[in-house]
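Me: I'm new to this one, so could you walk me through it? I'll ask short questions as we go.

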Amino acid sequence: MWFAMRSSWIILSSNQKPVVVLLVLLVFLLLAGCESSATEIAPTSTPQPRNIAVTGTGKVYLTPDIATISIGVHNEDESASRAVETNTQQAEAVTDTLLDIGVEEEDIKVSNFNIYPEQQFDESGNPRDVLYVVDNTVFVTVRELTNLGTIMGSVVEAGANSIFGIQFDVADKRKALSDARKMAVENAQLKAEELALAAGVTLGEIQSINEFGGVPVPVFEGRGGGGFETTADQMPVNLGQLSLTVEVTVTYHIR
C-alpha cells in the first residue's frame, strides 16, 4: 500500500495496512466533528429592536339617554297554584302599566321566572309548613328618561315589589368612542415625545397599538348634574352623567 506524505513516498507492509486505515478514518472523523462544532456555536449578530411603549388615556363625558331596569314581582303562599296565580296577575298588571305609559313591547323582556318550595322552621328549629315562592322579573329598557320616575312609581302601585339594577347608558356611543380614541392616541404621542426627548433618542414608526375600555360608567366625582324635577307621584331619579374612558398602549421604534 502506498501513501503520499509531503514529498516522500512510504511503502507499508501488509500487516501495517489495517492500522493505518483505521488511523486515517479516526483523523477524518475528528476533523469533521470539530468543523461541525465550530459551525454550531458561531454567535449570531442580529441586533435587538429598540422600542418604547407608552399608555395614553382619553375620556369624554356623556348625558345618558336610555336606562335599563329590572322590575320584579315576588310572592309566597302555602299553595303553589295560588302563589303562581297571584304572581301572574300582578306581573300582567305591571306589564300593562308599562305599555300604558309608553314603553314599547319589544323593550319589555322576561328575564327570570322561578318557583321553588321554602321550608319554614319554628323557634326551636323544628320544620313546620312549606311556603312556595314565585319570582317573576322583567328587564325593561326606558327610552324616554323623563318618564322614568313615573314608571317606577306606577309599577309599584300595580304590584311590583322588587326594583333593582337601574343602569343608565347612551344609545349611540360611536362619536364618543371616536373622540375618546383620538384623545388617547394624542396623549400617548405626547408622552412618547417627552420620554424620547428626555432619553436623547428619536421616535420612529409605530410598531403596535392596543385599545382598552370604552364602557360608560357613572360619574361619582361630582362633575355636572343632569337630572330632572319629579312630581309627588314620581320616584326621584337623578340622571347624572357618564364617563367613557379609552386607553391605548402604543409601541414606537426608537433610534
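## A salt bridge to start with

Reply: Let's begin with Arg143, which forms a salt bridge with Asp107, the closest N and O atoms being 3.0 Å apart. Keep in mind that this is a predicted model.

Me: How many residues apart in sequence are the parts that Arg143 and Asp107 tie together?

Reply: Look at where the two partners sit. Arg143 is in the loop between β6 and α3, while Asp107 is in the loop between α2 and β5. The pair therefore links parts of the chain whose separation in sequence is 36 residues.

Me: Is Asp107 buried or exposed?

Reply: Its partner Arg143 has 48% relative accessibility, so Arg143 counts as partly exposed. Asp107 has 7% relative accessibility, and the cut-off for buried is under 20%. That makes Asp107 buried.

Me: How many salt bridges does the structure hold?

Reply: Besides Arg143 with Asp107, there is one where the side chains of Arg128 and Asp129 meet at 3.6 Å, N to O. Arg128 counts as exposed at 52% relative accessibility, and Asp129 as partly exposed at 29%. For the structure, the count of salt bridges is seven.

## The chain as a whole

Me: What pattern does the chain follow along the sequence?

Reply: The chain has four helices and 10 strands. Reading along the sequence, they come in the order β-β-α-β-β-α-β-β-α-β-α-β-β-β.

Me: What share of the chain's 255 residues is buried?

Reply: Start from the outside: the chain exposes about 16800 Å², with carbon and sulfur atoms supplying 55% of that. As for contacts between residues at least 6 apart in sequence, 77% join residues at least 24 apart. Of the 255 residues, the buried share is 31%.

## Helix α2

Me: What length does helix α2 reach from its first C-alpha to its last?

Reply: Helix α2 runs over residues 80-101, which is 22 residues. At 1.5 Å a residue, the expected value is 32 Å, and the helix comes close to it. The reach from first to last C-alpha is 32 Å.

Me: Within what arc do the buried residues of α2 fall?

Reply: The residues in question are Ala83, Asn87, Ala91, Val94, Thr97 and Leu98. Seen down the axis of α2, they line one face of the helix, because their arc is 115°.

Me: Which exposed residues does the face of α2 turned away from its buried side carry?

Reply: On the buried side, the cover includes β4 (66-77), β5 (108-121), β6 (127-142) and α3 (148-158). On the face turned away from that side, the exposed residues are Ser81 and Asp100.

## Helix α3

Me: How many of the 11 residues of α3 are buried?

Reply: The buried ones are Leu148, Gly149, Ile151, Met152, Gly153, Ser154, Val155 and Ala158. They pack against β4, α2, β6 and β7 (162-169). The helix is largely enclosed by the rest of the structure, because the buried count is eight.

Me: Which residue takes a positive phi just after α3?

Reply: Here's how the helix ends look. α2 is followed by Gly102, with a positive phi near 125°, and just after α4 Gly200 has a positive phi of about 75°. Just after α3, the phi is about 130°, and the residue is Gly159.

## Helix α4

Me: How far apart are the end C-alpha atoms of α4?

Reply: Helix α4 covers residues 174-199, so it has 26 residues. At 1.5 Å a residue they should span 38 Å. The distance between the end C-alpha atoms agrees with that, at 37 Å.

Me: Which strands are included in what covers the buried residues of α4?

Reply: The buried residues of α4 are Ala176, Leu177, Ala180, Ala184, Ala188, Ala192 and Ala196. The cover over them includes β3 (51-62), β8 (203-213) and β10 (242-254).

Me: About how many helical turns separate Asp179 and Lys175?

Reply: The side chains of Asp179 and Lys175 meet in a salt bridge at 2.9 Å, N to O. Asp179 is partly exposed at 26%, whereas Lys175 is exposed at 62%. Because they are four residues apart in helix α4, the separation is about one helical turn.

## A patch on the surface

Me: What is the area of the nonpolar surface patch made by Val110, Phe113 and Ile115?

Reply: Take Val110, which lies in strand β5. With 63% relative accessibility, Val110 counts as exposed. Val110, Phe113 and Ile115 make a nonpolar patch of about 290 Å².

Key. Residues numbered from 1 in each chain as written. Predicted model: local features only at pLDDT ≥ 70, side-chain atom pairs only at ≥ 80, totals over all residues. Heavy atoms only, no water. Helix = DSSP H or I, 4+ residues; strand = E, 2+ residues; numbered from the N terminus. Expected span 1.5 Å × (residues − 1). Buried < 20%, exposed > 50% of the residue type's maximum accessible area, 1.4 Å probe, protein only. Arc of directions from axis to C-beta. Contact = heavy atoms within 4.5 Å. Patch = residues over 30% accessible without salt bridge, like charges linked within 9 Å, V, L, I, M, F, W, Y side chains within 5 Å. Areas by Shrake-Rupley, 256 points an atom, 1.4 Å probe, with all protein chains shown as cover. Salt bridge = Lys/Arg side-chain N within 4 Å of Asp/Glu carboxyl O.
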